[in-house]
Amino acid sequence: MVEEYYTNDGHVLRTQNIYEYLSRVMYGRRSRFNPLWNSYVVGGYNDGEKFLGYVDLLGTTYQSSTIATGFGGYLAQPILRKAVEGREDTLTETEAIEIMNSCMKVLYYRDARSFNKFQRAKITAEGVEISGPYKAETQWDFAEGLRGYGP
């Protein structure tokens with residue numbers, strides 16, 4: 001991206017170009033038995049067209065209206081699909097924030113040794129806005145009565 005910016009030839013890499021590049025890099029590293037142990041979510045907004053794609057360490061790619069990585073792929077993805085799919089164009093920002101908060105709460109309750117702070121990114125035609133950190137509001141009062149998991 002930096003090299004493309006400095007050449008100043010009027011050509012700009014689009015989100016789809018970065019997505020394709022990452023898929024080739026990850027597949028090439030996997031083929032040489034030297035994978036990068038990462039999962040990437042590539043999102044963007046180009047020429048009025050939304051884009052959201054996923055690339056993993058094997059070079060596997062897919063595009064969807066909802067994507068979650070890691071543990072979220074097992075627990076948050078079903079919540080996201082149920083709440084978002086079919087409503088992509090009518091979903092408001094407030095509703096999206098509520099959905100994300102519920103997903104983060106479920107993930108934190110399931111793995112309480114993790115950290116309950118997160119950031120949100122908003123991608124529009126005007127650019128990218130990263131805000132936060134936010135804290136997942138949780139309730140642990142029920143745990144005081146549990147016995148057998150410590151001293």
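## Sheet, Gln77 and domain contact

User: How many bridges join β1 to strand β2?
Analyst: This is a predicted model: local features need pLDDT of at least 70, side-chain atom pairs count only at pLDDT 80 or more, and totals for chains, interfaces and linings use all residues. Residues are numbered from 1 along each chain as its sequence is written, and side-chain values use heavy atoms, leaving out hydrogens and water. Strand β2 (residues 49-55) runs antiparallel to β1; strands are DSSP runs of E, at least two residues, and helices are runs of H or I, at least four, numbered from the N terminus. The bridges between β1 and β2 number seven.

User: Which are the edge strands?
Analyst: The open sheet has three strands in the order β1-β2-β3, with antiparallel pairing. Two strands pair if DSSP finds at least two bridges between them. Pairing on one side only marks the edge strands, β1 (40-46) and β3 (61-63).

User: Is Gln77 buried or exposed?
Analyst: Gln77 is found in helix α3 (residues 72-84). Its side chain makes a 2.8 Å polar contact with that of Thr66 (N or O atoms within 3.5 Å, one able to donate a hydrogen and the other to accept it; residues adjacent in sequence count only if both atoms are side-chain atoms). Because its relative accessibility is 3%, against a cut-off of under 20% with a 1.4 Å probe and protein chains only, Gln77 counts as buried.

User: Which domain 1 residues lose the most area to domain 2?
Analyst: An automatic or database assignment gives domain 1 (1-63) and domain 2 (67-143). They bury about 670 Å², the accessible area (1.4 Å probe) lost on being put together, summed over both. Together giving 51% of what the domain 1 side buries, the residues are Tyr45, Lys50 and Tyr62.

Methods. Buried < 20%, exposed > 50% of the residue type's maximum accessible area, 1.4 Å probe, protein only. Buried area = accessible area lost by both parts, 1.4 Å probe.
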